[in-house]
Amino acid sequence: MPDLLIELFSEEIPARMQGKASADLQKLVTDGLVEAGLTYASAAAFATPRRLALSVEGLTAASQAVREERKGPKVGAPEQAVAGFARGAGVEVSALDVRADKKGEVYFAVIERPGRPAAEIIAEVLDKTVRTFPWPKSMRWGAGSLKWVRPLHSIICLLSDEAGAEVVPVEIDGITAGAETQGHRFLSKGAIKVTGFEDYEAKLKQAHVYLRPEERAEMIWHDATNQAFAQGLEVVADPGLLAEVAGLVEWPVVLLGKIADDFLDLPPEVLQTSMKEHQKFFSVKDKTGRIVQFVTVANTETSDGGATILAGNQKVLFARLSDAKFFWENDLRVAKAGMEPWLESLGNVTFHNKLGTQKDRIERIVALARELATVVGADADEAAEAARVAKADLSSEMVYEFPELQGLMGRYYAANAGLSDAVAAAAEEHYSPLGPSDDVPTAPVSVAVALADKLDTLTGFWAIDEKPTGSKDPFALRRAALGVIRLILENGLTVPLSRIFVENSWAPELLSFFHDRLKVYLKDQGIRHDVIDACIAMPGNDDLTLLVKRAKALQATLETDDGENLIQGFKRANNILSQAEEKDGVSYEYGADPKFAEHDAERALFTALDEADRVIKPAMEAEDFGTAMAAMAELRGPIDAFFEGVQVNAENDIVRRNRLNLLSRIRSTCLAVADLTRING
């Protein structure tokens with residue numbers, strides 16, 4: 001069985017596009033081959049700055065002949081319908097068969113496709129793949145019509161087996177596939193002829209090209225950490241930057257450079273961000289945590305060991321860090337003066353045309369943070385002050401240059417303004433959590449401001465009817481709701497959301513939105529949707545901590561044999577009772593009396609319900625859901641025995657009514673814990 005090698009060699013592919021492009025190449029080609037009737041053993045795709053490559057092993061040499069029978073319309077159907085069916089099947093109307101069917105005679109199309117050699121199929125699939133490749137951005141060049149991310153220079157399309165290798169005859173927009181490629185732009189001379197994937201990868205390495213991105217990344221990290229370690233330093237880990245830099249070079253050469261003393265007093269985050277964003281440098285810190293050097297990765301070897309490259313990089317870095325130092329010093333002067341100019345300037349920044357300016361929003365957050373302070377155990381004045389200055393850094397020069405530093409710079413500026421550590425921390429932490437893996441603030445002032453910030457966003461956009469629709473969520477309201485949920489749950493807070501939403505027309509809808517987000521959050525923790533629904537249906541469902549506590553206790557109960565079987569008994573009781581109430585036109589909600597019991601199982605159920613009620617009511621008042629649900633689960637045995645030994649619809653009307661009222665007690669006792677009617681099964 002032959003192996004297939006494809007290479008698409010071009011000018012430099014942006015690093016951010018390489019990973020998806022290699023995955024797209026593999027999927028488009030392999031899906032196309034399989035659809036055309038070929039199978040394969042394995043496939044792998046690779047990317048460097050100048051090439052996409054695909055290796056497919058164990059490919060079948062040809063597709064098998066296919067015979068398919070397709071049922072069509074009835075005989076006598078409109079001519080257009082019959083013609084359309086024949087056209088879709090790829091046969092003439094005259095070639096259709098007429099066969100007897102259960103409902104009369106119908107047309108059948110017999111479709112026969114002969115087997116085809118792999119090379120013929122590969123040529124078609126590759127042509128389609130290249131012409132329809134889903135680049136985020138593409139370009140044309142020269143006089144051709146082909147679009148590619150950068151000018152495409154050559155194509156390898158090679159089938160190889162024990163007998164040798166053959167070029168698949170394919171030509172795309174004037175580029176004819178062959179068996180040759182180019183090595184490193186500077187360190188290799190002339191074309192490289194290959195006979196298969198192993199030969200291709202080995203010869204590329206000889207020509208100073210590492211084909212595999214993970215190999216380039218491993219080399220960069222290994223050399224960088226070793227060079228830093230030799231000087232008693234440590235490279236700051238940055239997986240995203242490492243992946244990006246590995247996509248910028250085919251032959252990585254790691255160089256360690258120094259940062260001028262003028263800039264060593266800048267905050268380390270400023271140094272790291274400036275070097276990463278502008279020049280793709282790794283930061284290197286000393287034992288005290290100060291960033292003192294940098295790592296750059298060249299794409300070539302030089303006779304001077306990279307000295308000229310380092311000198312050029314250090315010159316550019318000096319200019320960049322000079323700007324950062326200028327921003328930092330200007331911002332510090334404003335911060336030490338109290339940050340008032342920044343706070344005033346936020347009055348000129350529109351948050352949303354229906355919700356006012358950033359200054360208006362800050363005033364709302366201040367009021368809400370003061371209200372929430374008592375709930376989270378924070379000092380109200382400190383929480384209000386933190387909310388007032390938390391977004392001041394949005395007007396700073398440093399954050400204007402590096403928006404990703406918002407919050408972090410706020411912490412530095414608040415500290416330099418002489419504000420408390422708690423206020424400074426809140427300036428940074430109030431944006432968190434930004435995602436499901438982000439840390440949740442625990443400091444009371446930070447929690448108060450973080451909750452106020454997110455709740456203001458949600459209530460504001462709900463008030464102006466700007467809610468998420470389908471997959472669209474331009475204001476990240478789902479993320480804000482998840483942030484509120486995590487802040488409340490992971491800090492064990494009691495925050496009645498209805499009190500914050502007040503009695504607005506949109507309040508139930510917003511609470512429902514929170515419940516939907518809560519289901520997503522709890523699903524990852526293994527809590528069933530129907531369990532959450534059963535708890536949402538209970539009073540106090542705006543207290544998320546209480547709701548989740550109830551849901552976890554209910555799920556734990558349902559995972560026991562008694563709990564699982566109790567649901568069946570409850571549903572049986574509820575169904576019989578509901579049918580009787582509908583039939584009789586009355587509600588059997590009271591009046592069950594043990595003196596009318598005629599059966600031991602009946603009397604035992606009265607006793608069990610009395611005992612359960614004595615436990616459940618105080619346990620529910622104490623929010624001890626585990627105890628309440630355990631008491632409920634103990635009803636399983638008496639309920640099962642009752643249904644096995646007692647006929648509810650007795651001939652005696654008094655006995656029947658008493659037993660139906662007893663079923664009502666089962667329902668009310670169980671529904672006091674959760675709405676078990678919503679539990680599946």
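## Starting at Asp 3

Let's begin with one residue: Asp 3 is partly exposed, because its relative accessibility is 30% and the partly exposed class runs from 20% to 50%. Keep in mind that this is a predicted model.

Asp 3 belongs to a patch of negative charge on the surface, together with Glu 57, Asp 161, Glu 162, Glu 166 and Glu 198.

## Strand 1 and its partners

Asp 3 sits in strand 1, which covers residues 3-10. Most of this strand is covered, with seven of its eight residues buried.

Strand 1 has antiparallel pairings to look at. With strand 7 (residues 152-161) it shares eight bridges, and there Asp 3 is partnered with Ser 160. With strand 3 (residues 51-57) strand 1 pairs over six bridges, again in the antiparallel sense; Leu 4 has Val 56 as its bridge partner in strand 3.

## Salt bridges

Now for the charged pairs: the structure holds 46 salt bridges. One of them joins the side chains of Lys 280 and Glu 244, at 3.2 Å from N to O. Lys 280 lies in the loop between helix 7 (268-279) and strand 15 (282-285), while Glu 244 is in helix 6 (residues 239-246), so this pair ties together parts 36 residues apart in sequence.

Arg 411 and Glu 428 form another salt bridge, their closest N and O atoms being 2.7 Å apart. Arg 411 is in helix 13 (residues 408-416) and Glu 428 in helix 14 (residues 421-429), so the pair links parts 17 residues apart in sequence. Arg 411 is partly exposed, with a relative accessible area of 34%, and Glu 428 is partly exposed at 26%.

Note on methods:
Residues numbered from 1 in each chain as written. Predicted model: local features only at pLDDT ≥ 70, side-chain atom pairs only at ≥ 80, totals over all residues. Heavy atoms only, no water. Patch = residues over 30% accessible without salt bridge, like charges linked within 9 Å, V, L, I, M, F, W, Y side chains within 5 Å. Areas by Shrake-Rupley, 256 points an atom, 1.4 Å probe, with all protein chains shown as cover. Salt bridge = Lys/Arg side-chain N within 4 Å of Asp/Glu carboxyl O. Lys, Arg positive; Asp, Glu negative; His and termini not counted. Charge placed at Lys NZ, Arg CZ, Asp CG, Glu CD. Helix = DSSP H or I, 4+ residues; strand = E, 2+ residues; numbered from the N terminus. Buried < 20%, exposed > 50% of the residue type's maximum accessible area, 1.4 Å probe, protein only. Pairing = 2+ DSSP bridges.
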